[in-house]
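Me: Please take a close look at a single part of this model and describe it in connected prose. I should like to see how its charged side chains pair, and how one helix is built and placed.

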Amino acid sequence: MIWPVFKSVVNKFRKDGKDEVSFFGGEPTVWKYINEAVFYLKRLKIQVNFFTNGLIHSDVSPDCVLINVYNIFDKKKKKLIKKTIDFYRGEE
């Protein structure tokens, strides 16, 4: 999704009284505007949720992160997931 479309959708949702946005997929953090989007939403006092594989973290932390634990059993992915969890906990 391009940035102007995202802002338009968010503004429509705000007019409808929505106050929460969830990003989901395999890895929502690969979207090139994810950091801008999280920052924009937080500035508007909209709760931001991620449903992610946890392999890549965003630079701006969302309010809630749900990580697919299935990947934790893969040794290579486990290290990346731990790094992501540590980042979001403020321990990196």
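**Salt bridges and helix H3**

Reply: Asp 16 is partly exposed, because its relative accessible area is 44%, which lies between the 20% and 50% limits for that class. The model is a predicted one, and the values below are to be read accordingly. The side chain of Asp 16 forms a salt bridge with that of Lys 12, with N and O 3.0 Å apart. In total, three salt bridges are counted.

Another of these joins Asp 63 to Lys 42, at an N to O distance of 3.9 Å. This pair connects distant parts of the chain: Asp 63 belongs to the loop between S2 and S3, whereas Lys 42 belongs to helix H2 (residues 34-43), and 21 residues separate them. The distance of 3.9 Å still qualifies, because the cut-off for a salt bridge is 4 Å. Asp 63 has a relative accessibility of 45% and so counts as partly exposed. Lys 42 is likewise partly exposed, with a relative accessible area of 31%.

The salt bridge between Lys 82 and Asp 86, 3.0 Å from N to O, leads to the part chosen for closer description. Both residues lie in helix H3, four residues apart, which is about one turn of the helix. Their surroundings can be compared through accessibility. Lys 82 is partly exposed, at a relative accessible area of 48%, whereas Asp 86 has 18% and therefore counts as buried, since the limit for a buried residue is under 20%.

Helix H3 comprises the 14 residues 75-88. At 1.5 Å a residue it should span 20 Å, and its end C-alpha atoms are 20 Å apart, so the expected and modelled spans agree.

The buried face of the helix may be taken next. Asp 86 is one of the buried residues of H3, together with Ile 81, Thr 84, Phe 87 and Tyr 88. The buried residues of H3 pack against two strands, S2 (47-52) and S3 (64-67). The loop between S2 and S3 contains Asp 63, the residue whose side chain meets that of Lys 42 in a salt bridge.

The two ends of the helix remain to be described. At the N-terminal end, Asp 74 acts as a cap of H3: one of its side-chain oxygens lies 2.9 Å from the backbone nitrogen of Lys 76. Beyond the other end, H3 is followed by Gly 90, which has a positive phi, near 80°.

Conventions:
Residues are numbered from 1 along each chain as its sequence is written. This is a predicted model: local features need pLDDT of at least 70, side-chain atom pairs count only at pLDDT 80 or more; totals for chains, interfaces and linings use all residues. Side-chain values use heavy atoms; hydrogens and water are left out. The expected span of a helix is 1.5 Å times one less than its number of residues. Buried means under 20% relative accessible area, exposed over 50%, partly exposed in between (1.4 Å probe, protein chains only). Contact means heavy atoms within 4.5 Å. A polar contact is a pair of N or O atoms within 3.5 Å; within protein, one must be able to donate a hydrogen and the other to accept it, and residues adjacent in sequence count only if both atoms are side-chain atoms.
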